[in-house]
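Colleague: Please take a close look at how charged side chains pair in this model, and then follow the charged residues into the linings of the pockets. I should like one connected account.

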Amino acid sequence: MRHLMNPLDFTVEELEKLFDLANDIEANPAKYAHACEGKKLATCFYEPSTRTRLSFEAAMLNLGGQVLGFSDASSSSAAKGESVSDTIRIVSCYADICAMRHPKEGAPMVAASRSGIPVINAGDGGHQHPTQTLTDLLTIRSLKGRLGDFTIGLCGDLKFGRTVHSLINALIRYPDIRFIFISPPELKVPDYITDMLTERNIAYEEVIRLEDCMPNLDLLYMTRVQKERFFNEEDYVRLKDFYILDKNKLSAAMDDMLVLHPLPRVNEISVEVDDDPRAVYFKQAQYGVYVRMALILTLLELA
Ligand code: CP
C-alpha cells in the first residue's frame, strides 16, 4: 500500500506517468467516469480549505466514486480528544482512501503509519502540501511545455508557506532551474533550503523588491502571508500587504511569463491582473482536479 506524504515520494519518472494520466483525463473525461465505482474517499480536514478538499471530492465524484468526511476538527471526535491514529483506524473501516489536512506537521505521516488505506497528505502545518505541488508541476508542464530550464520567482511568505517549500523540493530534481526568492527579510526562505541549494550548486538569489527581478522571470509564484502561522497580530499586519502585484508591475514582465498562486489570495494580486493572459491561477486550480483524479487512480492501483 502506498501513501503520499511528500512530493519526493514519487520519482521523476512516476510523476511523468501521473501527469500524462492527468492530461489524458483532461482530454477524455468520459473514459474515467466509472473508474472508481464502488470506491469511497474520506476527506479528514482538521484545518480550513476550499480548493484542496473540494477538488479531492470533485476528483472522486468525477471518477464515479463517493465521498465522506469532515471539514472541521470541531465537528469530529478530535474535539473529544481522539488521536489521529485512532481516527484513521476508524476511517480505514469506512473508506478506501483518505486525504488528510492537519495543522500539526507530521500528523498525516502518523496517520499513514496506522492506516489500513492509502493516506494523502493534504497539507500539514507549515511543512508540506504535496498535492498542491503536483498541481503546480502539472500546470507548469502543461502550459510551458516543460519542467526545467526556467527562472522562477517565489514571492511573499517564503518562511511559513508550505506550498513554496514543497515546490522548491520538487523542482530541484529538474535541470537548469534558477530560483529568485522575493520576500521581506522576516519572511525569507528557511536556511535549510538555501543551504541545500548551495550544497547542490543550484542557482538562487534573494531579493526584497519584486520590481528588481520581474523582467527576468519565466514564472512568478505568488503566495499569501500566512496569518494563521504568525505568533503575533502586529507582525502580520505590518507584513500582509508587502507585495501587491498589479498591472503596472506586471507590465515589466515577459509576454509569456506565467503568474501562479496556490490560492486563496488576500491582497497580494490585484483583481485587475485576473484578466491578463499570463494570470493562470484559476486554471491552476482546475489542473488540481485532474492531478488528484490521476493520484487517486494511481494509489488505488486502478490506473
Ligand atoms: N491551495 C490550497 O491549499 O487552498 P485551500 O487551503 O483552499 O485548500
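Modeller: A residue counts as buried under 20% relative accessible area and as exposed over 50%, with partly exposed covering the range in between. That scale is needed for Asp212, which at 46% is partly exposed. The model is a predicted one, and every value below is computed from it.

Asp212 forms a salt bridge with Arg209, with a distance of 3.2 Å from N to O. Its partner, Arg209, has a relative accessibility of 45% and is likewise partly exposed. A salt bridge here requires a side-chain nitrogen of Lys or Arg within 4 Å of a carboxyl oxygen of Asp or Glu, and 14 salt bridges are counted by this rule. In general, side chains of opposite charge can pair when their charged atoms come close.

Another of these pairs joins Lys188 to Asp191, at 3.5 Å from N to O. Lys188 has a relative accessible area of 32%, which means that it is partly exposed. Asp191, at 48%, falls below the 50% limit for exposed and therefore also counts as partly exposed.

The pair of Arg278 and Asp276 lies in another setting. The closest N and O atoms of this salt bridge are 2.9 Å apart. Arg278 is buried, with a relative accessible area of 13%. Asp276 reaches 19%, which is under the 20% limit, so this residue is buried as well. Elsewhere, Glu16, Asp20 and Arg141 are joined into one network by salt bridges that share partners.

Charged residues also appear in the pocket linings. The largest pocket holds about 370 Å³ of space and is lined by 21 residues. Among those nearest its centre are Arg101, Arg162 and Arg224, together with Leu263 and Pro264. By class, this lining divides into 7 charged, 10 polar and 4 nonpolar residues. Helix 2 (51-62) and helix 6 (162-171) each supply at least two of the lining residues. Domain 1 (7-128 + 288-299) and domain 2 (131-284) each contribute at least three residues to the lining of the largest pocket.

The second largest pocket has a volume of about 210 Å³. Its lining includes Arg2, Glu14, Lys17 and Glu301, and it divides into 4 charged, 1 polar and 5 nonpolar residues. Phe10, Leu18, Leu21, Leu299 and Ala303 are also in this lining, as is Thr298. Helix 1 (12-27) and helix 10 (281-299) each provide at least two residues, with helix 1 giving the most, 4 residues.

Terms used:
Residues are numbered from 1 along each chain as its sequence is written. This is a predicted model: local features need pLDDT of at least 70, side-chain atom pairs count only at pLDDT 80 or more; totals for chains, interfaces and linings use all residues. Side-chain values use heavy atoms; hydrogens and water are left out. Buried means under 20% relative accessible area, exposed over 50%, partly exposed in between (1.4 Å probe, protein chains only). On a 1 Å grid over the protein atoms alone, a cavity is a set of points where a 1.4 Å probe fits but cannot get out, and a pocket is an open set with protein on both sides within 12 Å along at least five of seven lines; lining residues have an atom within 4 Å of a point. Grid points are joined across faces, edges and corners, and a volume is the space filled by probe spheres set on the points. Ala, Val, Leu, Ile, Met, Phe, Trp, Tyr, Cys and Pro count as nonpolar, Asp, Glu, Lys and Arg as charged, and the others, Gly among them, as polar. Domain bounds come from an automatic or database domain assignment.
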